[in-house]
Amino acid sequence: MKFHSSHIVKIGLLLPVFVLMACNSKGYQNLNARYNGYFYANQYVNEVYQAIEDQYEYNFNDVLKVFPEIDSSTIQANEEKLDDAFKKSSQVIEWYSGSDWVDDNYIVIGKIRYLRAQFQFARETFQYVYQNSQDDNAKQQALILLMRTYMDNGDFDRAVEVTDYIKREELTAENEIAYKLQLAYLHQVQSDNEALRDALNDVHLDIKDRDLKARVNFILGQLAEKSGDINLAMAYYDEAIKGTPPYELLFHTQIKKLGVQDIRTDAQAEKAYKTFDKLLKDGKNFEYQDKIYYAMGQMEQKRGRYKEAIAHYKTGTQVEQPNQRTQGLSYLRIAEIYYSYYEQYQNASIYYDSTVMKLPKDEENYEAIAKRQEVLKDLVVQLNVIDEKDSLLSLAEMNPVSLDAYLDKYLDEKEAAEKAAEAKERAKNKSSFAGANIAQSGDAPNASSDGSWYFYNDAAISQGQQEFQRAWGNRPLEDNWRRSQKAVIGIASAQPDESPDDEAVEAAITDEPVTPDRADEKAKLLATIPQTEAAKTEARQAVASAYFELGRIYRFGLERLDLSEESYKTLLSKFPQTEHRLDALYALYTLNETSDVTTANNYKNTIIADYPDSLIAKLLINPNYLLEKEQRNMELQRVYAEAYDAYEAGNYIVADQRIRSALNDFEDVDFLPTVELLAAMLKGHTENMFAYEKALNEYTEKYPEGQLHDYAKTLLAAINPAKEDIVRSPDFEFSEDFRQQHLVAITFETANNKQADIKAVINAFNQENFAGERLNIGYLEFNKEAGTGILFISPFKTKTAAQTYNLLLEKALVDQKPQTDTIFHNFAISQDNFSMLFQSKALEKYLQFNKRFYQ
């Protein structure tokens, strides 16, 4: 058939139209959307998920996570892939909006946003797909991913709400598996192991992914083991290792199977050890050696063979490349054995320190572990204080020669230990790897293993003293004591035939020169021993405080009530006058309150008898004491408010009456200092400035600290300028209030009279005429520039009593008054006027006032 040229032209013109129609067809858009965009974008995202899986370190000592947690560092390392995937999916949505793959690309974008922790944007994306998609599969995927996004954002209530929407859908087989796994993960995050087990049981047979299926079966085995169903656990573990699971999971499953076996006999244990040996020899398990030893330790711990368990745990911490978590768990198990089985709290503390140092903080019960470590550290501090101070005090009681010999022995042992350690280090030819505070031997390190100045215990000190006396006798400290021609006494004298005489001793001794370093070290050790009574008292107080703290730690930190009671009793026995006595007695009362009522009542009665004014005693007498005191406080505050309102309004007499009444009616009230301060302030308005000053001074003495004390001091500082104005005013007058206490004063020139001579006359006068009155004699420098002084005798309750005393005293002072002393005067004077006289120095004016009112 021939084509006409015009036909060719027509076909050429129509070809672009056909191509354009083909490009706009749905099939063409689906083809490009799927293979040019979605395929690569989805593949990149799946590769990132796989990277998260590969790099996540599962904790096989705890129930495995259903899914690995998202690690931000892994996301950052794959940022380029995520960017490329995001770009491709976005282009598909923009270029091929009519294709069937738009929803799928939106889901890819939502996953990328979720992986980047852009949770809000991820939620919006998944919600958009669910609300707008016509594809049931895409809607179901969006809901499942939305549920996971809410979970990882910590919004569990919303995650549960999403499950209600999912249940309305007829899920595809693949989505059904994905949903049930997400639901299991939700239960795991919420620490609901029972619901987790049910969800995994419902899905584990349907899982297609080999690695995920193995992990789920391993988790079910762990949950069965936790619940005590060993047979079911073994069945799940067997399922977990079917096929070719990841080697790490295979290894841990083998270890788990060994761990759940009921090993009671030595034959069973020997069989298990053969398996352990086989695992240790397998080169593939080189990086798992610490876990193998950890499993061996757990096996022996279950058998009650604690020494063997500790040995295995320690070996596991010393392998060439220990896993930090496993190392921390090994230290933890050793710590728990020392804590619970041996009750050796000092050793337990050492291993708890290493546990906290090594164990990752995401480990189950980490906070409780760290809390116990802190409690034990505090406990060991107190025990060390007691050991150290008691030993120092024991050394302080040794005679100087015995002490010198003991120090020599201590330094010899220390040097020998250091040499042995150096030799051992050279033999091992490698550095320690058990941690800074973990011993290499089978037992925990001795507290003195670091070579510090530690005195072991009283028994060791006593033994050293006896050994010295057995050889040398009880000798005083002096130069060349070995050569001193002294009779051997003490312990040695009981067996004269066995004790060497001085010549034999001299022959046996090879004097070695004391090196300067050793002499310096001995001097430093001697300096730590308390020699003065003050230093010994300080050491005893430290021991007493340590026993008190031990009681608190044993009770509230370790919940060992028996050891707590023992500590408080030891404190009161050794230090009956300790400052902690009241608190220790109360602690013993509460410790016995329900278990031994008679003993508790004895402590209660002792507190009430010896500390009647203490809050504890008041509460023991009246359990409602604080409530009743608070009621008194509230009532006093009401009265105070009324008095203060009157004070503010200038009704000072009314305010003073109400305050005086309140002070008479109320006692043992916390608000009382505030009331007393207002009472002092009122004296400045109802009496005079000098009464006001006196009241403020008495207040600051009664309450020597606090805000009210500081305010009273501020008021006192403001008085002096005002007093100066008063006494210098031409209208200044002495007070005519004679109802207050009085003094008898004597003014004199210090150049013509000695205060001691005048005092002697007054003392003789008082002894003869007023022996039962308990009068006091005081002295003040009256006027420094004029060289005058003032003696005063007090107190006299009334003006009349002061006048009578003054008249009699004047006769006794006749011979004492020299004619040249022009200001020698004796007179009665009120307290306020005495203050005014001293402030103003207006002696002549007062003498005129005195003549008017006293003579």
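Author: The expected span of a helix is 1.5 Å multiplied by one less than its number of residues. The model discussed here is predicted.

Reader: What distance does helix α17 reach from its first C-alpha to its last?

Author: Helix α17 covers residues 324-341, which is 18 residues. At 1.5 Å a residue, a span of 26 Å is expected. The model comes close to that value, since the first and last C-alpha atoms of α17 are separated by 25 Å.

Reader: How many residues of α17 are buried?

Author: A residue counts as buried when its relative accessible area is under 20%. Helix α17 is largely enclosed by the rest of the structure, because the buried residues among its 18 number 14.

Reader: Which residue caps the N-terminal end of α17?

Author: At the other end, α17 is followed by E343, which has a positive phi near 55 degrees. At the N-terminal end, the backbone nitrogen of R325 lies 2.9 Å from a side-chain oxygen. The residue that supplies this oxygen, and so caps the helix under the cut-off of 3.5 Å for a polar contact, is N323.

Reader: Are helices α11 and α13 roughly parallel or roughly antiparallel?

Author: Helix α11 (residues 210-226) packs against helix α13 (residues 247-260) with the axes 11 Å apart, and their crossing is left-handed. The angle between them is about 20 degrees. Angles under 35 degrees count as roughly parallel, and therefore the two helices are roughly parallel.

Reader: What distance separates the C-alpha atoms of K65 and R215?

Author: K65 belongs to the loop between α2 (26-55) and α3 (72-77), and its relative accessible area of 29% makes it partly exposed. Along the chain, K65 and R215 are 150 residues apart. Their C-alpha atoms are nevertheless separated by 8.8 Å.

Reader: How many residues of strand β1 are buried?

Author: Strand β1 comprises residues 742-749. On one side, H742, V744, I746 and F748 are buried, and on the other L743, A745, T747 and E749 are buried, which leaves both faces covered. The strand is thus largely enclosed by the rest of the structure, with a buried count of eight of the eight.

Reader: Which residue in β4 stands opposite T747?

Author: Strand β1 runs antiparallel to β3, with seven bridges, and in that pairing V744 has I793 as its partner. Strand β1 also runs antiparallel to strand β4 (residues 825-830), here with six bridges. Opposite T747 in β4 stands H825.

Reader: Which residue takes a positive phi in the hairpin of β2 and β3?

Author: Strands β2 (residues 776-783) and β3 (residues 788-796) pair in the antiparallel sense over seven bridges. One of the bridges joins N783 to T788. Four residues lie between the strands, and the one with a positive phi near 70 degrees is G787.

Reader: Where does the cis peptide bond to P795 begin?

Author: P795 is located in strand β3. The peptide bond leading to P795 has an omega near 0 degrees and is cis. The residue from which this bond runs is S794.

Reader: What is the relative accessibility of A117?

Author: A117 sits in the loop between α5 (102-115) and α6 (119-132). Although A117 is not a glycine, its phi is positive, about 65 degrees. Residues between the 20% and 50% limits count as partly exposed, and A117 does so at 45%.

Reader: What is the phi of K841?

Author: K841 is placed in the loop between α37 (831-840) and α38 (843-854). A relative accessible area of 33% makes K841 partly exposed. K841 is not a glycine, yet its phi is positive, at about 65 degrees.

Terms used: Residues are numbered from 1 along each chain as its sequence is written. This is a predicted model: local features need pLDDT of at least 70, side-chain atom pairs count only at pLDDT 80 or more; totals for chains, interfaces and linings use all residues. Side-chain values use heavy atoms; hydrogens and water are left out. Two strands pair if DSSP finds at least two bridges between them. Buried means under 20% relative accessible area, exposed over 50%, partly exposed in between (1.4 Å probe, protein chains only). A polar contact is a pair of N or O atoms within 3.5 Å; within protein, one must be able to donate a hydrogen and the other to accept it, and residues adjacent in sequence count only if both atoms are side-chain atoms. Axes are lines fitted to C-alpha atoms, for helices over the stretch in contact, and angles run from 0 to 180 degrees between N-to-C directions. Angles under 35 degrees count as roughly parallel, over 145 as roughly antiparallel, 65 to 115 as roughly perpendicular and the rest as oblique. A crossing is left-handed if the near helix is turned anticlockwise from the far one by less than a right angle, and right-handed if clockwise.
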